[in-house]
Amino acid sequence: FMNVAKGSAGELRSQLYIAKDLNYIDEDVFKQCYEQIVKISELISGFINSLNKAIEKEILEKLNQQKK
């Protein structure tokens, strides 16, 4: 699910460029929205990494318990 969210943020970046090129939004609105989307993408990436580390840790703990 989080990878889909990250992909959607990337898609929105593309749509912003199209909106700017077609003069639906001006440069200031583009920059403001683009910066927010980049921040959101970074937050999603950080969350994905955090979840992956937690899953990896849990798997390693279970493997260690099985060895005992």
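This text walks through a predicted model, beginning with the packing of two helices and then turning to single residues.

Two packed helices are described by the angle between their axes and the distance between the axes. Here the two partners are helix 1, which covers residues 2–21, and helix 2, which covers residues 27–67. Their axes lie 9 Å apart and form an angle of about 165 degrees. An angle over 145 degrees counts as roughly antiparallel, and helix 1 and helix 2 are therefore roughly antiparallel to each other. The crossing of helix 1 and helix 2 is left-handed.

Which residues make the contact? From helix 1 come Met2, Asn3, Ala5, Lys6, Ala9, Leu12, Arg13, Leu16, Tyr17 and Lys20. From helix 2 come Glu27, Phe30, Cys33, Tyr34, Ile37, Val38, Ser41, Ile44, Ser45, Phe47, Ile48 and Leu51. Sorted by kind, the residues of this contact are 15 nonpolar, 3 polar and 4 charged.

One residue of this contact can be followed in detail. Ser41 is part of helix 2. Is Ser41 buried or exposed? Its relative accessibility is 7%, and a residue is called buried under 20%, so Ser41 counts as buried. Apart from its neighbours within four places in sequence, Ser41 is in contact with Lys6, Ala9 and Arg13. Those three residues also appear in the list for helix 1 given above.

Aromatic rings come next. The model has 3 aromatic pairs. One of them joins Tyr17 and Tyr34, whose rings are 5.8 Å apart from centre to centre. The planes of the two rings stand at 70 degrees, and the pair is edge-to-face. This pair links distant parts of the chain, since Tyr17 is in helix 1 and Tyr34 is in helix 2, 17 residues apart. Tyr17 has a relative accessible area of 38% and is partly exposed. Tyr34, at 26% relative accessibility, also counts as partly exposed. Ring pairs link Tyr17 and Tyr34 with Phe30 into a cluster. Phe30 and Tyr34 are listed on the helix 2 side of the helix contact, while Tyr17 is listed on the helix 1 side.

Between the two helices there is a loop, and Asn23 is found in it. What is the backbone angle phi of Asn23? Phi is near 60 degrees, a positive value in a residue other than glycine. Asn23 has a relative accessible area of 67%, and the limit for exposed is over 50%, so Asn23 is exposed.

Asp26 also belongs to the loop between helix 1 and helix 2. At 44% relative accessibility, Asp26 counts as partly exposed. Asp26 and Arg13 are 13 residues apart along the chain, and their C-alpha atoms are separated by 15 Å.

The last residue to look at is Leu43, which lies in helix 2. Leu43 has a relative accessibility of 63% and counts as exposed, whereas Ser41 in that helix is buried at 7%. The distance between the C-alpha atoms of Leu43 and Glu56 is 20 Å, and these two residues are 13 residues apart along the chain.

Note on methods. Residues are numbered from 1 along each chain as its sequence is written. This is a predicted model: local features need pLDDT of at least 70, side-chain atom pairs count only at pLDDT 80 or more; totals for chains, interfaces and linings use all residues. Side-chain values use heavy atoms; hydrogens and water are left out. Axes are lines fitted to C-alpha atoms, for helices over the stretch in contact, and angles run from 0 to 180 degrees between N-to-C directions. Helices (H or I, at least four residues) and strands (E, at least two) are DSSP runs, numbered from the N terminus. Angles under 35 degrees count as roughly parallel, over 145 as roughly antiparallel, 65 to 115 as roughly perpendicular and the rest as oblique. A crossing is left-handed if the near helix is turned anticlockwise from the far one by less than a right angle, and right-handed if clockwise. Contact means heavy atoms within 4.5 Å. Ala, Val, Leu, Ile, Met, Phe, Trp, Tyr, Cys and Pro count as nonpolar, Asp, Glu, Lys and Arg as charged, and the others, Gly among them, as polar. Rings of Phe, Tyr and Trp (its six-membered ring) pair if their centres lie within 6.5 Å; planes under 30 degrees apart count as stacked, over 60 as edge-to-face and the rest as tilted. Buried means under 20% relative accessible area, exposed over 50%, partly exposed in between (1.4 Å probe, protein chains only).
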